[in-house]
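Reader: I'd like a close look at the charged side-chain pairs in this one. Could you walk me through them, with a bit of context about the chain first?

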Amino acid sequence: PAAGHPDAVAALGQGPHSEGVHDVLDALLAYAEQVRDVARSGFTDVVNIGIGGSDLGPQMVVPALDAYTQGQRRLHFVSNVDGHDITAVLRGLDARRTLFIVASKTFTTQETMANAHAARAWFAAEWTQGGAEGAAGGPDTARHFVGVTTNPFLANATLAKNRAAWADAIDAVLGAHPGAEQKAEALRKQLEAMPDGGVYAL
């Protein structure tokens, strides 16, 4: 299996940690369904920010599954660190109706982080100009930015100072490897100490 995580592809009940992994997959599917429901989410545009496999993977999936889409939203991809790339995408978007997916395994990839920061700066400026306010009186970053990463803590600090409590995912994925139990426990404690929010990690 890819990345050496057999539990990530094992059928439910067929691996030592498959139940925990499938619980997380179910939660991610539920989130995806919320995003797909435009009436509920309000998202008409989704921007994937990543490079390498974090860009090419989603780009290949979109046309492959085109026959099954509902056609309710536009999908955009940003990978080039040249500012012209993301500027051209942002120009036609409404901040209040856009979801940004920042995909980076470590959340330290320079090109992806540069584009993520550019997107967040644009989002904050557009949100202020539009006169909209989030729950805390500022840009609703936690709702409009989601990270796909193995480093939820750095993603949290970079995107929204929020997180989703995927302690089970950490236990299932890291715990599947020898010597990872202590690291999983440390990550779990850090998660418990963080506020609720919208950064997703696998």
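Reader: To start, how much area does the protein chain expose, and what share of that do carbon and sulfur atoms supply?

Author: Keep in mind that this is a predicted model. The protein chain exposes about 11,000 Å², and 55% of that comes from carbon and sulfur atoms. Of its 202 residues, 38% are buried. The chain has nine helices and five strands.

Now for the charged pairs. Side chains of opposite charge can pair when their charged atoms come close. Searching the whole structure turns up three salt bridges.

Let's begin with the pair inside a helix. Glu-33 and Arg-36 form a salt bridge at 3.0 Å, N to O. Both sit in helix H1 (residues 18-36), three residues apart, which is about one turn of the helix. Glu-33 is partly exposed at 43% relative accessible area, and Arg-36 is partly exposed too, at 38%.

Next comes a pair between strands: Arg-74 and Asp-45 form a salt bridge, with their closest N and O atoms 2.7 Å apart. Arg-74 belongs to strand S2 (residues 74-78) and Asp-45 to strand S1 (residues 45-49), so this pair ties together parts that are 29 residues apart in sequence. Arg-74 is partly exposed at 44% relative accessibility, whereas Asp-45 is buried at 4%.

That leaves Arg-96 and Asp-94, whose side chains meet in a salt bridge at 3.5 Å, N to O. Arg-96 is partly exposed, with 43% relative accessibility, and Asp-94 also counts as partly exposed, at 31%.

Note on methods:
Residues are numbered from 1 along each chain as its sequence is written. This is a predicted model: local features need pLDDT of at least 70, side-chain atom pairs count only at pLDDT 80 or more; totals for chains, interfaces and linings use all residues. Side-chain values use heavy atoms; hydrogens and water are left out. Helices (H or I, at least four residues) and strands (E, at least two) are DSSP runs, numbered from the N terminus. Buried means under 20% relative accessible area, exposed over 50%, partly exposed in between (1.4 Å probe, protein chains only). Accessible areas come from the Shrake-Rupley method with a 1.4 Å probe; for residues, only the protein chains shown count as cover. A salt bridge is a side-chain nitrogen of Lys or Arg within 4 Å of a carboxyl oxygen of Asp or Glu.
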